[in-house]
Amino acid sequence: MTTGEFRFGVNMIAPSGRKAWVDKCRRAEDLGFDVVAVPDHLGMVSPFPSLVLAAEVTERVRLGTFVINAPFFNPTLLARDVVGTDLFTEGRLELGLGAGYLKAEFDKAGLPFEAPGRRVDHLERTIDELARFVADETEPNPVQDPIPLLVAGNGNRILQLAAERADIVGFAGVGFHRDGTPFVCSAEDLDERVAYVRGALGGRDVEFNTLIQSMRITDDRAAALDEIAELFGGLKTAEEIGALPTFFVGTAEQIADQLRANRERFGFTYVSVLESDFDALGQVIPLLR
C-alpha cells in the first residue's frame, strides 16, 4: 500500500507574451500546484527562459521540464543550460528528460530520427554528462547537487534507465506501436510497466509520476464518457474509457477517489496534468491535501 503525500504538477505551454505566462504561473501557485512545468517542442517557446521567468514571479512552486527531448541537444551544452537555470531559479529546478518521439520535429530540426535504442543511448550519455559537468570545478555550480531528475517513457530501455538513474520515474500512459501509431495504456498495461520498474529499482527509493491525458469535472459522468468515446471514433467504448487510468471523468470528489485508488494500485503520488486540465485539477487538489 502506498500512502505518500501527493504532489501536483501542470505542464503548461508558455505563450509568446510575458503577461499571459506570468498570470498562468501565479494562478498555478494560487491553486496549490507544486510544480509548474513546460514541454520541449518546436513551435513552442524554449523551456529554460520560460522557467526562469516563472521563478521570478512565483515564490513556492518547483519548476520543471516535462520533458526535454535529449537527442535535440549536445549533452555538454544542455548541461550548461540546466545548471544555469538551476542557479537562476534558486534551486527550484526539476529536470525532466526523454528520448523524443515525434519524427516530424527531428525532420524540422534537420536531425536524424534514430532508432529508439540509439535515442535512449543519447539520453544516457546526457545524464552522464550532466553529472560530469556538475562535478567540474571550472564550471558554475548549481544550487542543487544533484538536480532532481525525472525520466519519462513507456518502453523497457527507457524505464530501465529511469529505474537506475532517475529520482522520479514518469509513466507516460501512452505508447507507440511498431508502425508509430500511439495507443493509450490500460490499467493492466500500467500494472505491468510499474512492476517492470519496481523489479529494476534495486532497492532505490524513487517517486512515481503519472501524466493524466484528460480530466473532466461533471455531474453527468455517463454523458461525458459518451462524448469522449465519440472523439475516439469508435475505437473505445465509454466503459473502456472510464476504466483507463489516465482519463478522469466525474465530480471533483469522484476524481479525488480515483487518484487515491491509483496511488494505492500503482504508487502514483506525483500527478501531472496538461494545461487544458489545469483548472479541473485545481478543483480536486484541496480534497487531497
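How exposed is Asp 107, in terms of relative accessibility? At 44%, Asp 107 counts as partly exposed, because the buried class ends under 20% and the exposed class begins over 50%. That is a handy way into this structure, which is a predicted model.

Let us stay with Asp 107 for a moment. Its side chain meets that of Lys 103 in a salt bridge, with 2.9 Å from N to O. Lys 103, too, is partly exposed, at a relative accessible area of 45%. Both residues belong to helix H4, which covers residues 103-109, and they sit 4 residues apart, about one turn of the helix.

Other charged pairs reach further along the chain. The count for the structure comes to 18 salt bridges. One of them joins Arg 7 to Glu 207, whose closest N and O atoms are 2.8 Å apart. Here the partners come from distant parts of the chain: Arg 7 is in strand E1 (residues 7-11) and Glu 207 is in strand E10 (residues 207-212), a separation of 200 residues. Both Arg 7 and Glu 207 are buried.

A second long-range pair is Arg 289 with Asp 34, where the closest N and O atoms are 3.0 Å apart. Arg 289 lies in the segment after helix H11 (278-288), while Asp 34 lies in the loop between helix H1 (18-31) and E2, so this salt bridge ties together parts that are 255 residues apart in sequence. The two ends differ in their surroundings: Arg 289 counts as exposed at 52% relative accessibility, whereas Asp 34 is buried, with a relative accessible area of 17%.

Now for the empty space. The largest pocket holds about 1,400 Å³. It is lined by 50 residues, and those closest to its centre are Gly 100, Tyr 101, Ala 172, Val 174 and Phe 176. Helix H5, residues 116-135, gives the most to this lining, with 4 residues.

Enclosed space is there as well: the structure holds 2 cavities of 30 Å³ or more. The largest cavity has a volume of about 50 Å³. Which strands each supply at least two residues of its lining? They are strand E2 (35-38), strand E3 (62-65) and strand E5 (93-98). E5 gives the most, with 3 residues. Among the residues lining this cavity are Val 35, Gly 64, Glu 94, Leu 150 and Tyr 270.

On the outside, Leu 87, Phe 88 and Val 143 make a nonpolar surface patch of about 290 Å². Phe 88 has its place in helix H3, which spans residues 75-88. With a relative accessibility of 58%, Phe 88 counts as exposed, because that value is over 50%.

Finally, a look at the cysteines. How many disulfides does a search of the whole structure find? The search finds 0. Cys 25 counts as buried, at 0% relative accessibility. Cys 185 is also buried, with a relative accessible area of 2%; both values fall in the buried class because that class takes in everything under 20%.

Note on methods:
Residues numbered from 1 in each chain as written. Predicted model: local features only at pLDDT ≥ 70, side-chain atom pairs only at ≥ 80, totals over all residues. Heavy atoms only, no water. Disulfide = S-S within 2.5 Å. Buried < 20%, exposed > 50% of the residue type's maximum accessible area, 1.4 Å probe, protein only. Patch = residues over 30% accessible without salt bridge, like charges linked within 9 Å, V, L, I, M, F, W, Y side chains within 5 Å. Areas by Shrake-Rupley, 256 points an atom, 1.4 Å probe, with all protein chains shown as cover. Salt bridge = Lys/Arg side-chain N within 4 Å of Asp/Glu carboxyl O. 1 Å grid on protein atoms, 1.4 Å probe; cavity = no way out; pocket = protein on both sides within 12 Å on 5 of 7 lines; lining within 4 Å. Points joined across faces, edges and corners; volume = space filled by probe spheres on them.
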